[in-house]
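Here is a set of exercises to work through with the model open beside you. Try each task yourself, then compare your route with the worked solution.

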Amino acid sequence: MNLRQLEYFITAAECKNMTEAAAKLHMAQPPLSRAIKMLEESLDTTLFFRSKRGIQLTDAGRLLYQQTTHLFREIEDIQTNVREMAGELCGNIKIGACYSTLPIVAEKIQIFLSQYPSCTFSMIQGTIHELESDLRDGLIDVLFLRNCIISSSEFVHLTLPEDPLCLIVHKALDRQPDNPTPDITYLQDLPLCVLDESRSGGLDSFLYSACAEHQITPCIVCKCYDNSAGLALALSKVSAAFLPLSSVTSNHYPGLNIKRIQGLDLSSHVTLIYNPYVYHTRSVQEFLSLFSL
């Protein structure tokens, strides 16, 4: 077993298809298949289930994938540490982030790269559970979530400044297009998309309560898991949505109007999360320092 075989193995596991993995590795498919077969023979175990639909890891394959991923991360850290000891910061910083936090994350990345242009970033995608697991295992350096639902005491949490929620509504649904700050009665009969209660930290309850005080009932047509769904519904003229101001103003949506509803002061917050029990390169430490830890 050697590092090249392990590199081939990881690529095949992630592509779930030998042909695609070979193309990604810039090699022909038969040599890749032979290398994987030799790796299986050296370990005396089967690493993949093979079918017409592609390949899937066996239990032994999943274990090797986990440990090999850690091995390559450690090798990368060693290379980074040696290079940074001899000169400027040059590491790769791995970030997990939900969609609505990206404008805030992008602003910090821009600042960081202006100071350390030799550094790079990798954006890691996945479910909340997967990202939490990657953070615990050191496969992600920093995780950004909105209205954080990860409360593990093994992580450090830093709550960033509040981000006000604004109402975005398509011009086709806007009954008061010239009024950027209508009162709460504007919501009467307006179709709304809101975040699922498990993700929104009680914002639904606050919305219902505020509307009840003015004897109106919000017209909730959809509950979604992520703010990107609310944006998509607004752009499609299905419903209006309350979204973080930072995620709306960072892009240009000519078909949408942005409003602040009087009497309804909603806000959310972004939480930066990192694992203090895993090794962080100087690059990661400097990036974290941007947030005044």
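**Exercise 1. Classify Arg62 by its relative accessibility, then describe its salt bridge with Asp59.**

Solution. Start with the cut-offs: under 20% is buried, over 50% is exposed, and anything in between is partly exposed. Arg62 in this predicted model has a relative accessibility of 42%, so it counts as partly exposed. Next, take the partner: Asp59 reaches 60%, and is therefore exposed. Now look at the contact itself, where the N to O distance between the two side chains is 2.1 Å. Finally, place the pair in the fold. Both residues belong to helix H4 (residues 59-86), and because they sit three residues apart there, about one helical turn separates them.

**Exercise 2. Find the salt bridge partner of Arg73 and work out which parts of the chain the pair ties together.**

Solution. First, a reminder: side chains of opposite charge can pair when their charged atoms come close. The partner of Arg73 is Asp141, with 2.5 Å between the closest N and O atoms. Then locate both ends. Arg73 is in helix H4, while Asp141 is in the loop between helix H6 (128-136) and strand E5 (142-146), so the bridge ties together parts 68 residues apart in sequence. As for burial, Arg73 and Asp141 are both buried. One last step widens the view: through shared partners, salt bridges join Arg73, Asp77 and Asp141 into one network.

**Exercise 3. Starting from Arg50, trace its salt bridge and the strand pairing around it.**

Solution. Begin with the total: the structure holds nine salt bridges. One of them joins Arg50 to Glu40, with the closest N and O atoms 3.3 Å apart. This pair links distant parts of the chain, Arg50 in strand E1 and Glu40 in helix H3 (residues 29-43), 10 residues apart. The two ends have unlike surroundings: Arg50 has a relative accessible area of 46% and is partly exposed, whereas Glu40, at 6%, is buried.

Now follow the strand. E1 (residues 48-51) runs antiparallel to E2 (residues 54-57), and four bridges join them. Ser51 has Gly54 as its bridge partner in E2. The connection from E1 to E2 is a hairpin through two residues.

**Exercise 4. Is strand E8 enclosed or open, and which strands pair with it?**

Solution. Count the buried residues first. In E8 (residues 191-195), five of the five residues are buried, so the strand is largely enclosed by the rest of the structure. Then check each face: Pro191, Cys193 and Leu195 are buried on one side, and Leu192 and Val194 are buried on the other.

Next come the neighbours. Strand E9 (residues 219-224) runs parallel to E8 and is joined to it by five bridges. Strand E10 (residues 240-244) also pairs with E8 in the parallel sense, over two bridges. Cys193 is a handy landmark here, standing opposite Cys222 in E9 and opposite Ala241 in E10.

**Exercise 5. Set Thr271 beside Tyr99: where does each lie, and is each buried or partly exposed?**

Solution. Thr271 is in strand E13 (residues 270-274). Its relative accessibility of 3% falls under the 20% cut-off, so Thr271 is buried. Leaving out residues up to four places away in sequence, Thr271 touches Leu143, Phe144, Leu145, Cys148, His157, Leu158 and Thr159.

Tyr99 is in the loop between strand E3 (92-97) and helix H5 (102-115). With a relative accessible area of 34%, Tyr99 is partly exposed. Together with Leu102 and Met123, Tyr99 forms a nonpolar surface patch with about 250 Å² of accessible area.

**Exercise 6. Summarise the whole chain and say where the predictor's confidence is lowest and highest.**

Solution. Take the fold first: the chain has 11 helices and 13 strands. Of its 293 residues, 46% count as buried. The accessible surface is about 15,400 Å², with 53% belonging to carbon and sulfur atoms. Among contacts with a separation of 6 or more, 72% involve residues 24 or more positions apart.

Then turn to confidence. The mean pLDDT is 89, and 97% of the residues score at least 70. Among the elements, helix H7 (residues 197-200) has the lowest mean, 59, and strand E11 (residues 256-259) the highest, 96.

Technical notes: Residues numbered from 1 in each chain as written. Predicted model: local features only at pLDDT ≥ 70, side-chain atom pairs only at ≥ 80, totals over all residues. Heavy atoms only, no water. pLDDT = per-residue confidence, 0-100. Pairing = 2+ DSSP bridges. Buried < 20%, exposed > 50% of the residue type's maximum accessible area, 1.4 Å probe, protein only. Contact = heavy atoms within 4.5 Å. Patch = residues over 30% accessible without salt bridge, like charges linked within 9 Å, V, L, I, M, F, W, Y side chains within 5 Å. Areas by Shrake-Rupley, 256 points an atom, 1.4 Å probe, with all protein chains shown as cover. Salt bridge = Lys/Arg side-chain N within 4 Å of Asp/Glu carboxyl O.
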